[in-house]
Amino acid sequence: MSAFVDSNVLIRHLTGDPPEQAKRATEFLRGSESLILVDLVAAEVVYVLESVYEVERERLAELVRAIVGFPAVAVPDEALLLRAFEIYEQYRIHFAESYLAACAEVSGVGVVASFDRAIDRVPTIRRLEPSA
């Protein structure tokens, strides 16, 4: 059976919190054959692990890469998601902006419209700041 996997299952597995749900989540992940991880859920995992569990950026990227590497986990555009995590880790910008930068790279558009100057750290794209 295929199923979309929610962030709460992944977070329970990754954090061990709360223990009973964490155990069930881990067993579920190990026993599943086909789980679909969408980008929005990956972003929510990042948000929760950063804000609630205060997981360091490098460790967080490592954890999500491990989830993507699970045999049962399928990601609609794995290369895009993994590139977003590379940008997140390497250029130390928020995940949403990292994802936008990865989208700009992969699509060939090469430009992100944003007021967020942190995007300027990514040399492979150009930030376009809206003006009056």
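**Stop 1: the cavity**

Start inside the protein, at the largest cavity, which holds about 40 Å³ of space. This is a predicted model, so keep in mind that you are touring a prediction. How many cavities of 30 Å³ or more does a search of the whole structure find? The search finds 1.

To see the walls, select L10, L14, L37, A42, V45, V64 and I67, the residues that line the largest cavity. Colour them by chemical character, and what do you get in the lining: nonpolar, polar or charged? The lining has 7 nonpolar residues, no polar ones and no charged ones. Now switch on the cartoon and find the helices α1 (7-15), α3 (39-51) and α4. Each of these three helices gives at least two residues to the lining of the largest cavity.

**Stop 2: the whole chain**

Zoom out until the whole protein chain is in view. You should be able to pick out 6 helices and 5 strands. Following the sequence from its start, these elements come in the pattern β-α-α-β-α-α-β-α-α-β-β. The C-alpha atoms of the chain fill a box of roughly 55 × 30 × 25 Å along the principal axes.

Two percentages help to describe the chain. Of its 132 residues, 41% count as buried. And if you take the contacts between residues at least 6 apart in sequence, 48% of them join residues at least 24 apart.

**Stop 3: the sheet**

Next, select the strands β1, β2 and β3. Together these 3 strands form an open sheet, in the order β1-β2-β3, with parallel pairing. Which strands are at the edges? They are β1 (2-4) and β3 (73-74), and each of them pairs on one side only. What holds strands together in general? Strands of a sheet pair through backbone hydrogen bonds, either parallel or antiparallel.

Look at one pairing in detail: strand β2 (residues 34-36) runs parallel to β3, and the two pair over 2 bridges. Show L35 as sticks, and opposite L35 you will find V73 in β3.

**Stop 4: salt bridges**

Now show the charged side chains. The structure holds 8 salt bridges, and here are a few to visit.

Begin with R24 and E20, which form a salt bridge with their closest N and O atoms 3.7 Å apart. Why do these two sit about one helical turn from each other? Both belong to helix α2 (residues 19-31), and R24 and E20 are separated by about one turn because they are 4 residues apart in that helix. E20 is partly exposed, with a relative accessible area of 47%.

Then select R92 and E58, whose side chains meet in a salt bridge at 2.6 Å, N to O. This pair links distant parts of the chain, 34 residues apart: R92 is in the loop between α5 (78-91) and α6 (95-107), while E58 is in helix α4 (residues 57-69). Are the two partners buried or exposed, or in between? R92 is partly exposed at a relative accessible area of 43%, and E58 is partly exposed at 34%.

Move on to R127 and E129, a salt bridge with its closest N and O atoms 2.6 Å apart. Here the partners fall into separate classes: R127 counts as buried, at 16% relative accessibility, whereas E129 counts as partly exposed, at 33%. There is also a network to find, in which salt bridges that share partners join R83, E86 and E105.

**Stop 5: R83 and its surroundings**

Stay with R83 from that network and centre your view on it. R83 is found in helix α5. Buried or exposed? R83 is buried, with a relative accessible area of 17%; the cut-off for buried is under 20%. Leaving out residues up to four places away in sequence, R83 touches Q90, A102, E105 and T124.

**Stop 6: a last distance**

To finish, select E56, in the loop between α3 and α4. E56 counts as exposed, with 54% relative accessibility. Then add L128 and draw a line between the two C-alpha atoms: E56 and L128 are 29 Å apart in space, and 72 residues apart in sequence.

How values were computed. Residues numbered from 1 in each chain as written. Predicted model: local features only at pLDDT ≥ 70, side-chain atom pairs only at ≥ 80, totals over all residues. Heavy atoms only, no water. Salt bridge = Lys/Arg side-chain N within 4 Å of Asp/Glu carboxyl O. Buried < 20%, exposed > 50% of the residue type's maximum accessible area, 1.4 Å probe, protein only. Pairing = 2+ DSSP bridges. Contact = heavy atoms within 4.5 Å. 1 Å grid on protein atoms, 1.4 Å probe; cavity = no way out; pocket = protein on both sides within 12 Å on 5 of 7 lines; lining within 4 Å. Points joined across faces, edges and corners; volume = space filled by probe spheres on them. Nonpolar A, V, L, I, M, F, W, Y, C, P; charged D, E, K, R; others polar.
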